[in-house]
Amino acid sequence: MATTATTTDVRRTGASVNALTTGRLPKGSPVAILLGSWVIMGVVFGLLNAAGVTDGFNWVGAIILGTVLYAVLVFVVAMQVEGIRRAKDRVVTTAVSAAFIIALVPLVSLLFTVVTSGANRFDVGFFSMSMRNVVGAGGGGLHAITGTLLITALAAVISVPIGLLTAIYLVEYGRGRLARAITFFVDVMTGIPSIVAGLFAYALFVIFFGPGVRMGAAGSVALAVLMIPVVVRSTEEMLKLVPNELREAAYALGVPKWLTIVKVVIPTSIAGITTGVMLAIARIIGETAPLLITAGFTASMNYNLFDGRMQSLPVFAYSSYVSQGTDAAAFIDRAWTSALTLILIVMALNLLARLIARIFAPKLGR
């Protein structure tokens with residue numbers, strides 16, 4: 001009775017309760033333990049550096065070993081205060097957070113390197129000039145940007161209808177050996193090297209245009225070969241997520257199957273399908289090897305996908321880095337700016353995909 005009365009009085013008065021007496025660590029204690037662990041390992045590495053054992057202060061080692069020390073200390077402290085279950089939970093949370101940060105470090109480093117290196121030529125000249133009659137500094141990548149957009153657009157026009165219809169067949173109609181064979185070959189195509197797709201497209205166009213053919217359309221076919229299995233797989237998974245109840249409701253109203261697919265299934269999954277298409281475009285837009293074989297490279301503008309060589313951003317970055325002229329810094333700057341432009345194009349496509357998905361997603365009522 002006395003304990004109950006005391007608890008009731010504490011709740012009424014709003015008095016604070018010591019977390020250590022309630023079986024919970026104070027709110028800021030994990031952060032304090034982490035900072036203390038880093039300080040301890042920093043002191044240890046500082047002493048090792050002062051003693052001449054290490055060559056310079058190792059910040060990375062201090063942070064990593066400090067994090068390991070934190071996992072040990074937080075487990076011991078939490079086990080004494082909160083029990084073994086919460087102690088294990090804190091250790092697992094530490095491991096998951098550390099893995100996330102480790103996975104994030106290369107991405108942040110990559111973006112930082114591309115942005116800082118590509119900013120040197122990220123100017124109006126790069127987006128308004130080609131490399132025609134330019135042998136040193138100056139010039140730009142307008143011809144490569146134009147070629148990338150045209151080649152990728154044609155590849156999407158080829159691959160999206162094929163991939164979408166294939167996925168609809170596999171989910172809505174496919175049964176038996178034919179469906180299993182299509183699924184098997186789609187899986188095989190997902191893992192083929194990009195150079196194989198380039199050789200296939202080149203061999204196909206050689207049949208019609210003769211040896212040595214180089215054109216943007218051949219590059220689009222090569223990229224479409226790489227894009228189709230990604231579109232099929234992503235669309236297939238999105239169509240499978242549509243509840244069967246929606247299909248059955250349409251059938252109960254006498255709606256034909258093809259109209260159910262067009263009016264119910266596809267609109268319901270359009271957001272996921274659009275995202276999958278954008279991922280497929282992001283998968284192919286940076287390919288270099290197939291375009292080297294099929295589209296080649298040029299320093300001039302070319303708007304015709306079916307006539308002559310066509311430059312692309314990946315090939316432009318590759319050729320600028322490999323074939324450096326007398327002013328090597330100018331070529332390297334153009335290569336980094338090409339990489340930065342590719343990243344910005346992919347980001348723009350993802351934003352566009354989100355906008356399209358929001359516009360065409362089914363509106364759910366209350």
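## A surface residue to start with

Where is the place of Val-68? Look for helix H3, which runs over residues 59–81. Keep in mind as you explore that this is a predicted model.

Val-68 counts as partly exposed because its relative accessible area is 46%, a value between the 20% and 50% cut-offs. Val-68 also has company: together with Val-60, Ile-64, Leu-65, Val-72, Val-76 and Val-77, this residue makes a nonpolar surface patch of about 560 Å².

## Inside the largest core

Now let's turn to the interior. The largest nonpolar core holds 37 residues, and those with the most contacts inside it are Ile-151, Phe-205, Met-227, Leu-239 and Val-277. Two or more core residues come from each of these elements: helix H6 (142–173), helix H8 (194–209), helix H9 (216–240) and helix H11 (257–284). H9 gives the largest share, with 10 residues.

Which residues is Ile-151 in contact with, leaving aside neighbours within four places in sequence? You can find Gly-216, Gly-219, Ser-220 and Leu-223 among them, and the list also includes Leu-291, Ala-295, Leu-305 and Met-310.

## A second core

There is another nonpolar core to look for, separate from the one above. This second core has 9 residues, including Phe-126, Ile-145, Phe-316 and Leu-342.

## What the record adds

An unreviewed UniProt entry carries the annotation "domain: ABC transmembrane type-1" for residues 145–353. In the model, that span is 78% helix and 0% strand, and its end C-alpha atoms lie 20 Å apart.

Terms used:
Residues numbered from 1 in each chain as written. Predicted model: local features only at pLDDT ≥ 70, side-chain atom pairs only at ≥ 80, totals over all residues. Heavy atoms only, no water. Core = buried A, V, L, I, M, F, W, Y, C linked by side-chain atoms within 4.5 Å. Buried < 20%, exposed > 50% of the residue type's maximum accessible area, 1.4 Å probe, protein only. Helix = DSSP H or I, 4+ residues; strand = E, 2+ residues; numbered from the N terminus. Contact = heavy atoms within 4.5 Å. UniProt positions renumbered as here; feature names shortened; annotations may be inferred. Patch = residues over 30% accessible without salt bridge, like charges linked within 9 Å, V, L, I, M, F, W, Y side chains within 5 Å. Areas by Shrake-Rupley, 256 points an atom, 1.4 Å probe, with all protein chains shown as cover. Salt bridge = Lys/Arg side-chain N within 4 Å of Asp/Glu carboxyl O.
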